[in-house]
Amino acid sequence: MFLSVIVSCHNCKNYIKRVLNSLLIQNFDDFEIIISDDESTDDFMDVVNLYKSLLNIKYFKTEKHKIHCPGNTRRDGWKHATGDWITFMDHDDAFMPGAFKLVYDTINKAEIKYNFMYSPVSQVDVNGNQVRLLDAVTWLHGNFYNRQWLINNNIDFKEDLFGNEDLYFNSIVQGVLIGESASYWKVNKPLYQWYSIPESLSNSVEKNTDCGYTERYFKDYLIAGSEPYMKMIERYPEKKDCYKKNIINLLVYSYFYYERAIFIFKDTKILNEMLKSIKDFFDYYKKNNLWESTESLFTTLLTDAESYTTQRNTILSLSGKFIETHSFKEFLNIINNG
């Protein structure tokens, strides 16, 4: 079996047909579909059962977890995979026609052995019209992983993480690739369509009123973007500077997210929780011998102004316009001194 497609499902009767239709029209059949069901209460499997004679479908319920979230649903699902490679789908999205054949041909024709492949994601509206093209290696969507490589390197989702499970998973992937000085393959065209529907988890909170999804689960965002690299420092100490740079970048992203939140949102409780999470993260950063001084950190960032600007533009593209209330240096003083 070449590929296992892990579909995390929860009450998806109105959308699962789109997923299965996109898999049905792949000009490639060496794949299995793992339906990982997180305690659905609707009868979406009635729809799935109509496709069982057409597709290689396996159904599993999630195990008992204290937190029900996409990460745990995916975590349970890929335990049942048998494919050499795996990829993940949400229950309301679609793969582009020909995606699996392209991945298969690329991997088998490559002169270098790759263990990870990713492609940009096409965000589409409810009618399937492209809204924008998203190029984020930290997403799960449109990514393909060598399953045995994941197992060998203990790469998995974090069980008690509600949000940003994809960032956590792919930060470990990137950390191992850095540690192994390994290359990966990027496909330059989108293979995956992300349907941005109103009732999806990432859209379940109004983005321009009280707070957005990332802001509400900001602690998870910080854990997902830092803990994997801290683990990698222990595993590959010779690459410490590379991992440290990724953690510093997370701090810069945190600054822009927080400044944007001050500019846009009205929920002071969320703002206070965000700031506390950033302070806790900063303390964690210092306690792990990554801290030198505010001045040295500021100087480090100034030497990479292009990256700093890129990160601000990323938040702009994802979240809309904002004006910073504090300079980055003022922000560092706030989180360092209380």
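Trainee: Into which class of exposure does Lys79 fall in this predicted model?
Mentor: The relative accessibility of Lys79 is 47%. Buried would require a value under 20% and exposed a value over 50%. Lys79 therefore counts as partly exposed.

Trainee: With which residue does Lys79 form a salt bridge?
Mentor: The closest N and O atoms of the pair are 3.9 Å apart, and the limit for a salt bridge is 4 Å. The partner is buried, with a relative accessible area of 3%. That partner of Lys79 is Asp76.

Trainee: How many residues apart in sequence are the parts tied together by Asp43 and Lys13?
Mentor: The two side chains meet in a salt bridge, with an N to O distance of 3.1 Å. Asp43 lies in the loop between strand S2 (31–37) and helix H2 (44–49), and Lys13 in the loop between strand S1 (3–9) and helix H1 (16–24). The pair therefore ties together parts of the chain whose separation in residues is 30.

Trainee: Which residue forms a salt bridge with Arg312?
Mentor: The closest N and O atoms of this pair are 2.6 Å apart. Arg312 is in helix H12 (residues 305–319), while its partner, 12 residues away, is in the loop between H12 and helix H13 (328–337). The partner is partly exposed, with a relative accessible area of 26%. It is Glu324.

Trainee: Which side chain of opposite charge is nearest to Asp93?
Mentor: Asp93, in the loop between strand S4 (85–90) and strand S5 (94–95), is buried yet has no salt bridge. The nearest side chain of opposite charge is 5.5 Å away, whereas a salt bridge has to be within 4 Å. That side chain belongs to Arg18.

Trainee: With the side chain of which residue does the side chain of Asp93 make a polar contact?
Mentor: A polar atom of the Asp93 side chain lies 2.9 Å from a backbone nitrogen, that of Tyr195. The side-chain to side-chain polar contact, at 2.8 Å, is made with Tyr192.

Trainee: Which residue in strand S11 is the bridge partner of Val124?
Mentor: Strand S7 (residues 121–124) and strand S11 (residues 192–195) pair in the parallel sense over four bridges. Among these residues, the partner of Val124 also places its backbone nitrogen 2.9 Å from a polar atom of the Asp93 side chain. The bridge partner is Tyr195.

Trainee: Which strands stand at the edges of the open sheet?
Mentor: Four strands form the sheet in the order S5-S11-S7-S8, with mixed pairing. An edge strand has a single partner, so one of its sides is left without a neighbour in the sheet. The edge strands are S5 and S8.

Notes
Residues are numbered from 1 along each chain as its sequence is written. This is a predicted model: local features need pLDDT of at least 70, side-chain atom pairs count only at pLDDT 80 or more; totals for chains, interfaces and linings use all residues. Side-chain values use heavy atoms; hydrogens and water are left out. Helices (H or I, at least four residues) and strands (E, at least two) are DSSP runs, numbered from the N terminus. Buried means under 20% relative accessible area, exposed over 50%, partly exposed in between (1.4 Å probe, protein chains only). Lys and Arg count as positive and Asp and Glu as negative; His and the chain ends are not counted. A polar contact is a pair of N or O atoms within 3.5 Å; within protein, one must be able to donate a hydrogen and the other to accept it, and residues adjacent in sequence count only if both atoms are side-chain atoms. Two strands pair if DSSP finds at least two bridges between them.
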